[in-house]
Amino acid sequence: MHPATIRFLRARNREGCDIYVHPYAQDHNAGYILVDLDRAQPTVIAAMCAQGHEPCVVLQTSPGHLQAWVNVSSTPLPPDLATAVGKHLALTYGGDRASTDWRHLGRLAGFTNQKPQRRTRDGCAPWVKVVYTHPGLARHADELLQSAAASVSEFAQSTHRGLCPDRGPCSQPDAASAITVTQATAIYQTWMHRWQIAQRFAPPDWSIVDLWVARALLAQGWPPDRVQIIIRLGSPHFPRRHTHPDDYLRRTLARAFAFPSPGGPCVWLMTGPPPPHGPTGLARTPPVGSNPAPNAVAAGCKPSR
């Protein structure tokens, strides 16, 4: 609330910058979980309140698009537990599954949403507004934390038996054990964090990330059917548009088996247009060290697709 800080942020916002915030607790979550409700139903807030998951703050980031903060703890939470809570809330209420990590940023009320696709008909950037407040913990916060803690514990046991991306290949779980949505998402997100996908590509082409994850899992001995399940349940925004999920997964696995490790053509990783004076593509080069993901570098070549 320092006036000089507000003046600085307003100036940057007028220049086209978006203003984001999240409650801070160093290397932990402060007890507040963001649920990005961009594609949720209009009655979603009422449903959250009825289920005892009432948000403490709801923002309208543009007409028809909401972000909700749910206060689930009065003390800081470990990252894995906070992420599990966020994933559960997103799955329950139709939130964005790609916006559930423990320190995800939300928009700050009192500033404008600078996304070009959110502009009004007259070309103005919409204001981010507070539309609902309810101070205090959600009524069923304890149940949320208990359920999330059980999921984290179950996932830790399964990863000890199965996928160990930071410790090399591991033995696989028996065929009878099922992979839950929480487990699949955590596996997928583990590889994303290891490769720093969000930092390297904004936004990434998720079909390329799916391919990389499939290659990594197959290289560790995961059966193809389990790899398909992990991508189906864990990949953000799945299924892909204009493609039947089963056909997409079969093609992705086929490419993962056949995709060469060294060299290769240019692979376009950005879904938006390139900057006017920047490179026209990203070249896929051989992996570096123990990192199984191709090392993307700027190049002036023509993208392969």
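Start by selecting valine 58 and alanine 68: in this predicted model, alanine 68 of strand E6 is the bridge partner of valine 58.

**Strands E5 and E6**

Extend the selection to residues 57-62, which make up strand E5. E5 pairs with E6 in the antiparallel sense, over five bridges. Now follow the chain from E5 into E6. The two strands form a hairpin, with two residues between them. Stop at glycine 64 in the turn, where phi is positive, about 85 degrees.

**The other neighbour, E4**

Next, select residues 32-37, strand E4. E4 and E6 run antiparallel, and six bridges join them. Go back to alanine 68 and look for valine 35, which stands opposite alanine 68. Alanine 68 is thus a point to centre on: valine 58 is its bridge partner, and valine 35 stands opposite.

**Both faces of E6**

Show side chains for residues 65-71, strand E6. In a regular strand, side chains alternate between the two faces of the sheet. Are the faces of E6 covered or open? Both are covered. His65, Gln67, Trp69 and Asn71 are buried on one side. Leu66, Ala68 and Val70 are buried on the other. Seven of the seven residues of E6 are buried, so the strand is largely enclosed by the rest of the structure.

**A pocket that includes Trp69**

Keep Trp69 selected and display the second largest pocket, since Trp69 is one of its lining residues. The volume of this pocket is about 180 Å³. Add Cys56, Val57 and Leu59, which are also among the lining residues. Tyr32 lines the pocket too. Then add Val21, Pro23, Arg107, Leu108, Ala109 and Val130 to complete the lining. Colour by class: ten residues are nonpolar, none is polar and one is charged.

**Asparagine 29**

Move to strand E3, residues 28-29, and pick asparagine 29. Is asparagine 29 buried or exposed? Its relative accessibility is 4%, under the 20% cut-off, so asparagine 29 counts as buried. Trace its side chain to the backbone oxygen of tryptophan 102, reached at 2.7 Å. Then show what else asparagine 29 touches. Leaving aside neighbours within four places in sequence, asparagine 29 is in contact with Pro76, Leu77, Ala82 and Trp102.

**Zoom out**

Finish with the whole chain in view. The protein has nine helices and ten strands. Of its 305 residues, 43% count as buried. Among contacts with a separation of 6 or more, 67% come from residues 24 or more positions apart.

Methods
Residues are numbered from 1 along each chain as its sequence is written. This is a predicted model: local features need pLDDT of at least 70, side-chain atom pairs count only at pLDDT 80 or more; totals for chains, interfaces and linings use all residues. Side-chain values use heavy atoms; hydrogens and water are left out. Buried means under 20% relative accessible area, exposed over 50%, partly exposed in between (1.4 Å probe, protein chains only). Helices (H or I, at least four residues) and strands (E, at least two) are DSSP runs, numbered from the N terminus. Two strands pair if DSSP finds at least two bridges between them. A polar contact is a pair of N or O atoms within 3.5 Å; within protein, one must be able to donate a hydrogen and the other to accept it, and residues adjacent in sequence count only if both atoms are side-chain atoms. Contact means heavy atoms within 4.5 Å. On a 1 Å grid over the protein atoms alone, a cavity is a set of points where a 1.4 Å probe fits but cannot get out, and a pocket is an open set with protein on both sides within 12 Å along at least five of seven lines; lining residues have an atom within 4 Å of a point. Grid points are joined across faces, edges and corners, and a volume is the space filled by probe spheres set on the points. Ala, Val, Leu, Ile, Met, Phe, Trp, Tyr, Cys and Pro count as nonpolar, Asp, Glu, Lys and Arg as charged, and the others, Gly among them, as polar.
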